[in-house]
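Good morning, everyone, and thank you for making time for this. Please have a look at the sequence and the structure before I begin, and keep both in view while I talk.

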Amino acid sequence: MPDTRNLIPTVLYQERLTPAFLGEALSSWGAARVSDVLPLAQVNAFMREARAAFDLPEDVKARCRRFGTESGYTPPAVEGVIGHGPDSLRHFWDVTREAPQIREEAPGFYRQSARLWARLASFGARAFEAFDTAHGTCVFPDVLGGAHSLRTSEYLNQVPSPEDVLFPSHVDFSMLTLY
């Protein structure tokens, strides 16, 4: 499996996230890597709280169970990609602006998620505006409304393997993926 860091065009967020760069990267690769969007301290704080949320007792995660488009926890083997079976190696948390059960059961994770969401909303608006300018589309207005969530996934395989964590070919809509 190739190291995508050398394949996907990269730009510093504050310096060069322009319509021209984004248009070229998405036309050529279908992806762009944007660095320095989040301060490292914020990422580390979020990761600590996310680890704690995944480590919550099963009865607590059950009280936070996600159904439909609401916030909450989804256990392994529940969701998959259309046309393929459920993913038994991944469980995740979806946090929306209104997440009362997460706020109550995992307050630190909710606070860090809200902080991260605010930072990413600003980045998403800028990225989608640049995308629209580059491609003559109207994606940006969709960023402003609708049911958005911050999904935090954990893969359960003990030895990380790209073959285990990559989904089969599929399409996501209005999505930013962070890794």
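I will go from the overall layout to the core, then to one pair of helices, and finally to a few single residues.

Please keep in mind throughout that this is a predicted model. The pLDDT averages 78 over the protein, and 78% of the residues score at least 70. That confidence is spread unevenly over the elements, since the mean pLDDT is lowest, at 51, in helix H8, residues 162-165, and highest, at 95, in helix H4, residues 58-63.

As for the layout, the protein is built from eight helices and five strands, and when you read along the sequence they follow the pattern β-α-α-β-α-α-β-β-α-α-α-β-α. There are 179 residues, of which 34% count as buried. If we take the contacts between residues at least 6 apart in sequence, 60% of them join residues at least 24 apart.

Let me turn to the core. The largest nonpolar core holds 29 residues, and Leu 17, Trp 93, Ile 102 and Phe 109 are the ones with the most contacts inside it. At least two residues of this core are supplied by each of H2, helix H3 (40-54), strand S4 (90-95) and H6, and the largest share, eight residues, comes from H6.

Phe 109 is a good place to look from the inside. Setting aside residues up to four places away in sequence, Phe 109 touches Phe 46, Glu 49, Ala 50, Ala 53, Trp 93, Val 95, Ile 102 and Thr 152, and two of these partners, Trp 93 and Ile 102, were named a moment ago among the residues with the most contacts inside the core.

Is Ser 113 buried or exposed? Ser 113 has its place in helix H6, and because its relative accessible area is 1%, this serine is buried. Beyond residues up to four places away in sequence, Ser 113 touches Phe 46, Val 95 and Leu 150.

Now to the pair of helices. At what angle do the axes of H2 and H6 cross? Helix H2 covers residues 19-29 and helix H6 covers residues 107-135, and their axes come within 8 Å and cross at roughly 75°. The two helices are therefore roughly perpendicular to each other. On the H2 side the contact is made by Pro 19, Leu 22, Gly 23, Leu 26 and Ser 27, and on the H6 side by Ala 127, Ala 130, Phe 131, Thr 133, Ala 134 and His 135. Sorted by character, the residues of this contact divide into seven nonpolar, four polar and no charged.

Staying with H2 for a moment, its buried residues include Leu 22 and Gly 23, both of which take part in the contact with H6, as well as Phe 21 and Ala 25. After H2 comes Gly 30, which has a positive phi, near 75°.

A positive phi also turns up elsewhere. Most residues other than glycine have a negative phi. Ala 77, although it is not a glycine, has a positive phi of about 65°. Ala 77 is placed in the loop between strand S3 (72-74) and S4, and with 44% relative accessibility it counts as partly exposed.

Let me go back to the early part of the chain. Thr 10 lies in strand S1, residues 10-12, and at 36% relative accessibility Thr 10 counts as partly exposed. The C-alpha atoms of Thr 10 and Leu 22 are twelve residues apart along the chain and separated by 9.7 Å. Arg 16 sits in helix H1, residues 13-16, and Arg 16 also counts as partly exposed, at 47% relative accessibility. Arg 16 touches Thr 10, Val 11 and Phe 21, again not counting residues up to four places away in sequence, and its C-alpha atom is separated by 9.2 Å from that of Val 34, 18 residues apart along the chain.

My last residue is Ser 153, in strand S5, residues 150-155. With a relative accessible area of 30%, Ser 153 is partly exposed. Leaving aside its neighbours within four places in sequence, Ser 153 is in contact with Phe 54, Arg 90, His 91 and Phe 92. From Ser 153 to Tyr 73 there are 80 residues in sequence, while in space the two are 9.9 Å apart, C-alpha to C-alpha.

How values were computed. Residues numbered from 1 in each chain as written. Predicted model: local features only at pLDDT ≥ 70, side-chain atom pairs only at ≥ 80, totals over all residues. Heavy atoms only, no water. Axes fitted to C-alpha atoms, helices over the stretch in contact; angles between N-to-C directions. Helix = DSSP H or I, 4+ residues; strand = E, 2+ residues; numbered from the N terminus. Parallel < 35°, antiparallel > 145°, perpendicular 65-115°, else oblique. Contact = heavy atoms within 4.5 Å. Nonpolar A, V, L, I, M, F, W, Y, C, P; charged D, E, K, R; others polar. Buried < 20%, exposed > 50% of the residue type's maximum accessible area, 1.4 Å probe, protein only. pLDDT = per-residue confidence, 0-100. Core = buried A, V, L, I, M, F, W, Y, C linked by side-chain atoms within 4.5 Å.
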